[in-house]
Amino acid sequence: MAHRLPDREQGSDPSSQARFYDPYHGLQVPIPARNVYQLPTGPQYLFDEEASRNRRGWSDNITFLTGCGYLTGAIGGGASGLVSGVRSFEPADTTKLRLSRVLNSSGHAGRAWGNRIGVIGLIFAGMESGIVALRDTDDVWNSVAAGLGTGAVYRAARGVRSAAVAGAFGGVLVGLAVTAKQAMKRYAPI
């Protein structure tokens, strides 16, 4: 059964959670009223279970965290590459050669950092969604455990010791992030 918002044709209250959309609004041409559409003001869900959740679904979470991780890494890597490219200038370089060095260095570092942080976001989102599904609760411990698991999985190829250190670092880092988020909600409401 799909979760639907009430339609006007079914005799529901016209002041329900809907807004009218007229694609021809603002034009000085008289358009019949049949071109006015009633659009929902909130998100629509296929199933009622999705509507009762207060968080993003696993696919939304994976897409969001992977994309944000890649974008953040690409920007940080580009800035790092910019600094590296400027440091590699030689006195006899022309402006064209200097610009080429900066662009090449920024592009190389941006891709590398973006891929690394995007993969970390992908692993974290998958782990967090899996832990939420296993525990059937949504609390801060899911995020901390996902951070711990993400660090361990990301560095697993370098050995057990490296995986344990990275897992502890990931768990502590996510724990600090969750604590900071809770403090911001409590002490600095936006």
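This report covers the fold, two long helices, three residues and the main pocket of a predicted model.

Residues are numbered from 1 along each chain as its sequence is written, and side-chain values use heavy atoms, without hydrogens and water. Local features need pLDDT of at least 70, side-chain atom pairs count only at pLDDT 80 or more, and totals for chains, interfaces and linings use all residues.

**Fold**

The protein has five helices and two strands. Both are DSSP runs: helices are H or I of at least four residues, strands are E of at least two, and numbering starts at the N terminus. Along the sequence the pattern reads β-β-α-α-α-α-α. Of the 190 residues in the protein, 22% are buried. Buried means under 20% relative accessible area, exposed over 50%, and partly exposed in between (1.4 Å probe, protein chains only). Among contacts between residues at least 6 apart in sequence, 49% join residues at least 24 apart. A contact is a pair of heavy atoms within 4.5 Å.

**Helices α3 and α5**

The expected span of a helix is 1.5 Å times one less than its number of residues. The table sets that value beside the distance between the end C-alpha atoms.

| Helix | Length | Expected span | End-to-end C-alpha distance |
|---|---|---|---|
| α3 | 41 residues | 60 Å | 59 Å |
| α5 | 28 residues | 40 Å | 40 Å |

For α5 the two values agree. For α3 the reach is close to the expected one.

Helix α5 has a run of buried positions: Ala163, Ala166, Gly167, Gly170, Gly171, Val174, Gly175 and Val178. Their cover includes α3 and α4.

**Three residues in and after α3**

Ser106 lies in α3. Ser106 counts as buried because its relative accessibility is 17%. Beyond its neighbours within four places in sequence, Ser106 is in contact with Gly77, Gly78, Gly81 and Leu82.

Ile123 is also placed in α3. Not counting residues up to four places away in sequence, Ile123 touches Thr150, Val153 and Tyr154. The C-alpha atoms of Ile123 and Gly149 are separated by 8.6 Å. Along the chain, these two are 26 residues apart.

Asp136 comes just after α3, in the loop between α3 and α4. Its phi is near 60°, a positive value in a residue other than glycine. Asp136 counts as exposed because its relative accessible area is 69%.

**The largest pocket**

A 1 Å grid over the protein atoms alone defines such sites. A pocket is an open set of points with protein on both sides within 12 Å along at least five of seven lines, whereas a cavity is a set where a 1.4 Å probe fits but cannot get out. Points are joined across faces, edges and corners, and volume is the space filled by probe spheres set on them.

The largest pocket has a volume of about 1,100 Å³. It is lined by 33 residues, each with an atom within 4 Å of a point. Closest to the pocket centre are Leu65, Phe124, Ser143, Val174 and Ala177.

Which helices each supply at least two lining residues? They are α2 (58-87), α3 (95-135), α4 (140-154) and α5 (160-187). Helix α5 gives the most, with ten residues. One of the residues closest to the centre, Val174, is among the buried residues of α5.

The lining has 14 nonpolar, ten polar and nine charged residues. Ala, Val, Leu, Ile, Met, Phe, Trp, Tyr, Cys and Pro count as nonpolar, Asp, Glu, Lys and Arg as charged, and the others, Gly among them, as polar. Domain 1 (55-136) and domain 2 (139-189) each contribute at least three lining residues. Their bounds come from an automatic or database domain assignment.
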